[in-house]
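Please walk through this structure with the sequence and the model side by side. The account below takes a few helices, two single residues and the empty spaces in turn.

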Amino acid sequence: MLTEAKRRGLADLPPIVSDSLLALIAMVNADPRADKIDVGVGVYRDGEGRTPVMRAVREAEQMLHDQQVSKSYLGGAGDKRFADLLRPVVLGAHPGDERIVGLQTPGGCGALFLALKLIAAANPDARVIMGTPTWPNHPPMTRGARLEIVEYRHYDAATRRVDFAALAEALEAARPGDVALLHGCCHNPTGADLSEEEWRTIVEIVARRGLIPLIDFAYQGFARGLDQDRFGVELMLEACDEVLVTQSCDKNFAVYRDRVGCLFVKAATANNAKFVMTHLLQISREAWSMPPDHGAACVRMVLEDEGLSADWRAELDEMHGRIRMVRERIAASDPRLAFIADQQGMFSMLPLSVEQVKQLRDKHAIYMADSGRANLVGIADRDLDRFCAAVVETMNG
Ligand code: LMR
């Protein structure tokens, strides 16, 4: 006798815990205390605690408003000139290299989505060699692309540095065709970056083992400077036939909510690159069809204009200067925080337990991720001393 198959539907879905960083944004917003300090999500803030629209971007927006005659579709690749102009900024001088293609994406996250799906389409057996901890969205996105994750320890909490031996060992043990997921600079969440010497060693292993480097490059300009920060990217492009770079303008053009990013893929031949592009267009067509225009158009207009470009670089340098200043100030507040001065970018993992992170939240209205990751540049100048005092008090127990 036939038994009736059980109908499954939306009612069968269990709840899932929201991404920890998104949950943190909601928690900060819900706290009515006026003196709250938000070092949660990775957003640059100036000395006043604001996330301003950058001067050059504001001007470009005005020009766009005055000049744009249509908002009709641009097509799956979005603003092609945006990708062309961004390319030397992100990859360095690789003019006319037809093995490299670039595609506008909704933020760095869109670029990662395309990159992982592309890898899965080419080789579903590829494994992604991923350091821990990493950006909390890396593992679910990788699983979403149905790729296996192989973890290694990126960060040595005792030395507060990259666990280089673990990284090198993991890459040596990888299979040809596996993916080495690396952070281009400003490691998120630890701030622990590779030195130039370490990059050289890693690039040699990746090339020799036939791995595919996937470089998440969301914070260019926030570590040592716009041009210096692509050190690893450039080395990888020179050494490897296949390289994927997921770029984001969200931070270095401060266009967060406009969602501006780009995926660059280097393929072994110009012909392979053409085929890759057809896949990228198909994957993006299935996901968002065509990328949003506004932010990318503004970035393109900044890069097209020499004066605006120079002003953008100058303002980015100012932001970088503030990041260094905040790091130095916090590092000087207690010997146990001295390591913060040696790290790069917006983030550090403070030496705090989950319980201590909660205490900071409850007692001092200071919000950071449970891991102790703090966006150091989220603190306004007026709050820096209070932040340091509260962290030191909490560490003292
Ligand atoms: C972060 O790590 O805080 C940022 O990259 C924002 C995000 O989307 O998680």
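In this predicted model, the buried residues of helix 9 pack against three elements: strand 2 (100–105), helix 4 (107–122) and strand 10 (261–266). The residues concerned are A273, V276, M277, L280, I283 and S284, which are buried in helix 9. Viewed along the axis of helix 9, these buried residues fall within an arc of 130 degrees, so they line one face of the helix. The face turned away from that buried side carries exposed residues, namely K274, F275, R285 and E286.

Helix 9 itself covers residues 270–287, 18 residues in total. From its first C-alpha to its last it reaches 26 Å, close to the 26 Å expected at 1.5 Å a residue. Just after helix 9 comes S289, with a positive phi of about 65 degrees.

Strand 10, one of the packing partners of helix 9, spans residues 261–266. Two single residues can be followed next by their contacts. A83 is found in helix 3, which runs over residues 80–91. With a relative accessible area of 3%, A83 is under the 20% cut-off and therefore counts as buried. Setting aside residues up to four places away in sequence, A83 touches G102, C262 and F264. A83 can also be placed relative to R300: the two are 217 residues apart along the chain, while their C-alpha atoms are separated by 8.1 Å.

The second residue is T246, in strand 9 (residues 243–248). T246 has 0% relative accessibility and so counts as buried. Beyond its neighbours within four places in sequence, T246 is in contact with G108, A111, L112 and A115, with L214, I215, D216, F217 and A218, and with C262 and L263. C262 is a contact of A83 and also of T246.

Helix 6 comes next, at residues 164–173. Its buried residues are F164, A166, L167, A168, A170 and L171. They pack against four strands and a helix: strand 3 (127–132), strand 4 (148–153), strand 6 (161–162), strand 7 (179–183) and helix 7 (196–209).

Two of these partners, strand 3 and strand 7, each supply at least two residues of the lining of the largest cavity. Strand 7 gives the most, with 3 residues. How much space lies in the largest cavity? It holds about 150 Å³, and the structure has 1 cavity of 30 Å³ or more. The lining of the largest cavity consists of 17 residues, and those nearest its centre are Y152, H154, L182, H183 and H187. By class, this lining divides into 9 nonpolar, 7 polar and 1 charged.

Last is the largest pocket, whose volume is about 600 Å³. It is lined by 29 residues, of which V41, W135, Y219, K251 and R259 are the closest to its centre. Helix 1 (20–30) and helix 4 are the elements that give two or more residues to this lining. Helix 4 is also one of the elements against which the buried residues of helix 9 pack. The lining of the largest pocket has 15 nonpolar, 7 polar and 7 charged residues.

Note on methods: Residues numbered from 1 in each chain as written. Predicted model: local features only at pLDDT ≥ 70, side-chain atom pairs only at ≥ 80, totals over all residues. Heavy atoms only, no water. Expected span 1.5 Å × (residues − 1). Buried < 20%, exposed > 50% of the residue type's maximum accessible area, 1.4 Å probe, protein only. Arc of directions from axis to C-beta. Contact = heavy atoms within 4.5 Å. 1 Å grid on protein atoms, 1.4 Å probe; cavity = no way out; pocket = protein on both sides within 12 Å on 5 of 7 lines; lining within 4 Å. Points joined across faces, edges and corners; volume = space filled by probe spheres on them. Nonpolar A, V, L, I, M, F, W, Y, C, P; charged D, E, K, R; others polar.
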